[in-house]
Amino acid sequence: MFSFEHPYVLASIVVAFVCLFFCQEKKFSIYFPHSESLKAVAKSKQLLRNALKFLALSLVIIALASPITTEDIILDNSKGYEISLILDASGSMQQNNKFGLVKNIVVDFIKQRKTDKLALSIFADFAYTAIPLTYDKKSIIKILSHIDVGVAGRQKTALYEALFLSSKLFKDSKSKEKIAILLTDGRNNTDSVPLEVAIKRAQSNKIKVYTIAIGNERDFNAEVLREIAQKTGAEFFSTNSAQGIKDIYAQINQLEKSKININKYEKKTYYFHYPLGLALMLLFLYFWQRNTWILHK
């Protein structure tokens, strides 16, 4: 991410601009009659010199503000949690703005998992991975903000396919703490992946799958969701309110609390030498232009 280490220094550019008009050097002046043409020449040269001075000074100020890019370098990613968020985006999630409420709650959950890797999967008529496991929380939140009901169809609920697909994200994982949080308001009604295959895939990758059912009890299959959770060593939750969903994510957050800080550092790359070098070139042009004008005046 590009930024300045000392951004307040940039305010000096305004001061430099003001000084260009009110802090001019005082010189002796000799006035001649009929000198309008000389004034025009002198004015154009003065304008050029002022422009060079202002640009050079601005670049020096930018260099002092220290432009940098920062990047998080992970030295050891084997001790943190890896969490796959699996969300139902089928047509029924549009009722009572359920999907919008879930998105806001999930964003809060993502922000709390500062040292963990997260992934996001969506399912409806089919399942797809919106973003694989990453530490880049901002990208996950940004992508989630653009996802809405209908992005994967509206008619079906490929729940087992979503679990199977999400489990594959952990194929090369070295983390000892792998969990998935599967939220739905419906029943699986596709035959793309059998339930047993999806559960075995999660078990083989040692993933704890927390299942959350929201809405009316008649709409989701609590027995299946409980089976998925129990066979993978996690828990099943159900609720019919926004506060209930929020409480469930808070409970999971506490159950799977990261107890360690991942070994990482922030790498900074400095770019002050670029504006500084350009400023020196402009200053050279300024003095060259000024001395040349003096020699030829």
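In this predicted model, N188 touches T157, A158, L159 and Y160, leaving out residues up to four places away in sequence. N188 itself sits in the loop between strand 6 and helix 6. Two of these neighbours are reached through backbone atoms: the side chain of N188 comes to 3.0 Å from the backbone nitrogen of L159, and to 3.2 Å from the backbone nitrogen of Y160.

The loop that holds N188 also takes part in a salt bridge. D185, in the loop between strand 6 and helix 6 (195-204), is paired with K98 in helix 3, and the two residues are 87 residues apart, linking distant parts of the chain. The closest N and O atoms of D185 and K98 are 2.8 Å apart. Are these two charged partners buried or exposed? Both D185 and K98 are buried.

In total, the structure holds five salt bridges, and two others are worth following here. One of them joins K268 and E5, with 3.5 Å between the closest N and O atoms. K268 belongs to strand 9 (residues 263-270), while E5 lies in the loop between strand 1 (2-4) and helix 1 (12-22), so this pair ties together parts that are 263 residues apart in sequence. K268 has a relative accessible area of 37% and is therefore partly exposed; E5, with 29%, is partly exposed as well.

The other is formed by the side chains of K208 and E256, which meet at 2.7 Å, N to O. Here K208 comes from strand 7 and E256 from the loop between helix 8 and strand 9, so that distant parts of the chain, 48 residues apart, are linked. K208 counts as partly exposed because its relative accessibility is 26%. E256, in contrast, has a relative accessible area of 2% and is therefore buried, as this value is under 20%.

Next comes the nonpolar interior. The largest nonpolar core has 33 residues, and L85, L87, L120, I181, L183, I212 and Y249 are those with the most contacts inside it. Several elements each supply at least two residues of this core: strand 3, helix 3 (98-112), strand 4 (117-123), helix 4 (137-146), strand 6 (177-184), strand 7 (208-214) and helix 8 (242-255). Which helix gives the most to this core? That is helix 3, with seven residues. L85 offers a view of the packing: beyond its neighbours within four places in sequence, L85 is in contact with V106, F109, I110, L118, A119, L120, S121 and I181. Apart from this core lies another, of 26 residues, including F123, A162, L225 and F236.

A polar residue can be followed in strand 3 too. S84 is found in this strand, which covers residues 81-88. The relative accessible area of S84 is 0%, and therefore S84 is buried. With its sequence neighbours within four places left aside, S84 is in contact with A119, S121, S166, L169, F170, I179, A180 and I181. Among these contacts, S166 also makes a polar contact with S84, side chain to side chain, at 2.3 Å.

Helix 8 allows a simple check of geometry. Why should helix 8 span 20 Å? The helix has 14 residues, and at 1.5 Å a residue this gives the expected 20 Å; the end C-alpha atoms are 20 Å apart, which agrees. G244, I245, I248, Y249, I252 and N253 are the buried residues of helix 8. These buried residues pack against strand 3, helix 3, strand 6, strand 7 and strand 8 (236-239).

Finally, the UniProt record, an unreviewed entry, places the feature "transmembrane region" at residues 6-23 and 270-288. In the model, residues 6-23 are 61% helix and 0% strand, with 26 Å between the end C-alpha atoms. Residues 270-288 are 84% helix and 5% strand, and their end C-alpha atoms lie 30 Å apart. I62, a residue of helix 2 (residues 36-64), is in contact with F4, L10, I13, P67 and P275, its neighbours within four places in sequence aside. The C-alpha atoms of I62 and A279 are separated by 9.8 Å, although these residues are 217 residues apart along the chain. With a relative accessible area of 26%, I62 is partly exposed.

Key. Residues are numbered from 1 along each chain as its sequence is written. This is a predicted model: local features need pLDDT of at least 70, side-chain atom pairs count only at pLDDT 80 or more; totals for chains, interfaces and linings use all residues. Side-chain values use heavy atoms; hydrogens and water are left out. Helices (H or I, at least four residues) and strands (E, at least two) are DSSP runs, numbered from the N terminus. Buried means under 20% relative accessible area, exposed over 50%, partly exposed in between (1.4 Å probe, protein chains only). A polar contact is a pair of N or O atoms within 3.5 Å; within protein, one must be able to donate a hydrogen and the other to accept it, and residues adjacent in sequence count only if both atoms are side-chain atoms. Contact means heavy atoms within 4.5 Å. UniProt positions are given in the numbering used here, feature names are shortened, and annotations may be inferred rather than shown by experiment. A nonpolar core is a set of buried Ala, Val, Leu, Ile, Met, Phe, Trp, Tyr and Cys residues joined through side-chain atoms within 4.5 Å. The expected span of a helix is 1.5 Å times one less than its number of residues. A salt bridge is a side-chain nitrogen of Lys or Arg within 4 Å of a carboxyl oxygen of Asp or Glu.
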